[in-house]
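Please open the model in your viewer and keep the sequence at hand. We will walk through it together, from the whole fold down to single residues.

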Amino acid sequence: TNYSAAFTRATHRSQKHYERTANIIPAGATRSLNSWAPYPVYLAEAQGNQVTDIDGNTYTDFLGNYTALVHGHQHPLTMTHMHEQLTCGLSLNFATVREADLAQRIVDRLASVEMLRFTGSGTEAVMFATRLARLTNGRRLIAKMEGGFHGTHDTVSVSVRPPAAQAGDVHAPHGVPESEALSAALTGETIILPFNHERACAAILDQRHQDIAGIIVEPMLGVGGMIPPRPGFLEMLREKCDAYGIVLIFDEVITLRLGYGGGQAYFGVQPDLTTMGKIIGGGMPIGAVGGKRAIMHLLEPQGGADVYSAKTGGPKLYQGGTFTGHPLSMAAGIGTLDGLTADHIQGINRLGDDLRAELNREAQAAGLPMRVTGSGSLLHIHLSRVPIETYRDTWQVDNQKQQRFFLGMLERQHLIAQRGMVCLSTTMNPSDLTSFLDATLETARALA
Ligand code: PLP
């Protein structure tokens, strides 16, 4: 499909750069998903909520590196902490003390997190959380949701996909690996649950609980379309996990920003384990897994007899990595969280709620096929006439039209995710939102 009519800004430098690099980096860039033209548009710098590409085009950032930048770019407090750390060196071989400063801030905020460990990314945090679940109760299966996104580890790279006939009924979703070349042993240990179908989901858990080690769920589906939980859905998961000794893992890599106490406080349900990433690193690479002391204790290499494994001749589960707890990520995270008060969170949530309501109102009044989902500062614009309440509802969206919408927004100098994800930051004021609203309606009208 030729999209060049949808995005006409000058991108000669990006094109030249792509031609030079495409033979050394597949697709010309590691983050090639963000292809705008037939080649990626390469970004040069960003400040506040303004991003500039290498041809000098500017965009207002309504994506914040896929929700990671809760304060936009170069927040003063984040940068000050990083500058201080820079004078002390980068990665220092052994433990450093600043890690505890960030850990303390997270433990203070999240009621369910008594202890935590840092990882290099959200993907890694998820990988360790699923292992911790297996270690806790000795079972094998991990249950995840239709459309749940948890990074790229094999265990969680399973979902249902259209057409609906192939995906099976919601009472028996047919999960398939999302990539080729994954380990069949790992993907075979994952079962799929239908997010927001409370009764169907409960029935599957009643049937299969004996084999299920853990359930991993985003309190609100993120990449899958910013779909909030229906009332009672998360509560049902909590009850079933308690009844059956299943470890409930909330993947809060995206939703943590919804409340001072994370999505878990915002939606009012507490998990056993939480995986985190994105905002806790303030724009630097990071991940973390935390939760109940009784579970996290399994990661103490010098722990008691219950932690030592005769099978491995060491700890039952090793967790770590060259860049885990990286001092620069810790510094950026500390500055970012210190600059993120409960008032800030409420403020951007209110802006987001108003924007979502206004967009839906205007779209309905104008008869535009557009449904805006999400909660608080997290939104998703679906070019759909039908309400979007489950992952399967997103299958009605015409992806080519959605790509044109994304390019139309860029043309109007607003940067969002290709599939329609939108995210606010504390840099935004009502006039940014007005211009976003205008750009969105104009783009949707042009496509209708
Ligand atoms: N979990 C969720 C809910 C995510 O949205 C993502 C990334 O978008 C991940 C995990 C993976 O995190 P990372 O990209 O840091 O590996």
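The paragraphs below begin with the overall architecture, then turn to the ligand, two helices and a handful of individual residues.

Before anything else, keep in mind that this is a predicted model. The protein is built from 15 helices and 18 strands. Its radius of gyration is 22 Å, close to the 22 Å that the globule rule gives for 448 residues, so the protein is as compact as a globular protein of that length. If you prefer to think in box dimensions, the C-alpha trace spans about 65 × 60 × 50 Å along its principal axes. Of the 448 residues, 49% count as buried. Contacts also reach far along the chain: among those between residues at least 6 apart in sequence, 71% join residues at least 24 apart.

Now to the ligand. Which residues come closest to it? They are S121, G122, T123, G151 and V253, out of 16 residues that surround the ligand. By character, the shell divides into six nonpolar, eight polar and two charged residues. Its largest share, three residues, is supplied by helix α5, which covers residues 122–137.

Next, have a look at helix α9, residues 233–244. Its twelve residues should span 16 Å at 1.5 Å a residue, and the end C-alpha atoms are 17 Å apart, which agrees. Four residues of α9 deserve a highlight in your viewer: F233, L234, L237 and C241 are its buried residues. Seen down the axis of α9, these buried residues fall within an arc of 100°, so they line one face of the helix. The general geometry helps here: an α-helix has 3.6 residues a turn, so residues three or four places apart point the same way. What do the buried residues of α9 pack against? Their partners are the helices α8 (198–208) and α10 (262–267), together with the strands β9 (212–217) and β10 (247–251). On the face turned away from the buried side you will find the exposed residues D242 and A243. After α9 comes G245, with a positive phi near 65°.

Helix α12, residues 327–338, is a good one to view next. This helix has twelve residues and reaches 16 Å from its first C-alpha to its last, close to the 16 Å expected at 1.5 Å a residue. How many of the residues of α12 are buried? Eleven of the twelve are, leaving the helix mostly covered. The buried set includes P327 and L328, as well as G333, G335 and L337. Among the elements that cover these buried residues are α3 (76–86) and α4 (98–109).

Past α4, in the loop that leads to β4 (115–119), sits A111. Is A111 buried or exposed? It counts as exposed, because A111 has 12 C-beta neighbours inside 10 Å. Leaving aside neighbours within four places in sequence, A111 is in contact with G261, A265 and Q270. Its C-alpha is 9.1 Å from that of G262, although A111 and G262 are 151 residues apart in sequence.

For contrast, go to H414 in strand β17, residues 414–415. With 22 C-beta neighbours inside 10 Å, H414 counts as buried. Apart from neighbours within four places in sequence, H414 is in contact with Y59, T60, F62, M409, F436 and A439. H414 and G282 are 132 residues apart in sequence, and their C-alpha atoms are 22 Å apart in space.

Finally, a few backbone details for anyone who checks torsions. Most residues other than glycine have a negative phi, and most peptide bonds are trans. A27 is not a glycine, yet its phi is positive, about 70°. A27 belongs to the loop between α1 (12–21) and β1 (43–47), and it is partly exposed, with 14 other C-beta atoms within 10 Å. Y66 is another residue other than glycine with a positive phi, near 55°. Y66 lies in helix α2, residues 64–67, and counts as partly exposed, with 16 C-beta neighbours inside 10 Å. As for the peptide bonds, the one from P162 to P163 is cis, with omega near 5°. P163 is placed in the loop between β6 (158–159) and α6 (164–167).

Terms used
Residues are numbered from 1 along each chain as its sequence is written. This is a predicted model: local features need pLDDT of at least 70, side-chain atom pairs count only at pLDDT 80 or more; totals for chains, interfaces and linings use all residues. A residue is near a molecule or strand if its C-beta atom, placed from the backbone, lies within 6 Å of it. Helices (H or I, at least four residues) and strands (E, at least two) are DSSP runs, numbered from the N terminus. Ala, Val, Leu, Ile, Met, Phe, Trp, Tyr, Cys and Pro count as nonpolar, Asp, Glu, Lys and Arg as charged, and the others, Gly among them, as polar. The expected span of a helix is 1.5 Å times one less than its number of residues. A residue is buried if 20 or more other C-beta atoms lie within 10 Å of its own, exposed if 12 or fewer, and partly exposed in between; C-beta atoms are placed from the backbone. The arc is that of the directions from the helix axis to the C-beta atoms. Two residues are in contact if their C-beta atoms, placed from the backbone, lie within 7 Å. The radius of gyration is taken over C-alpha atoms; the globule rule is 2.2 Å times the number of residues to the power 0.38.
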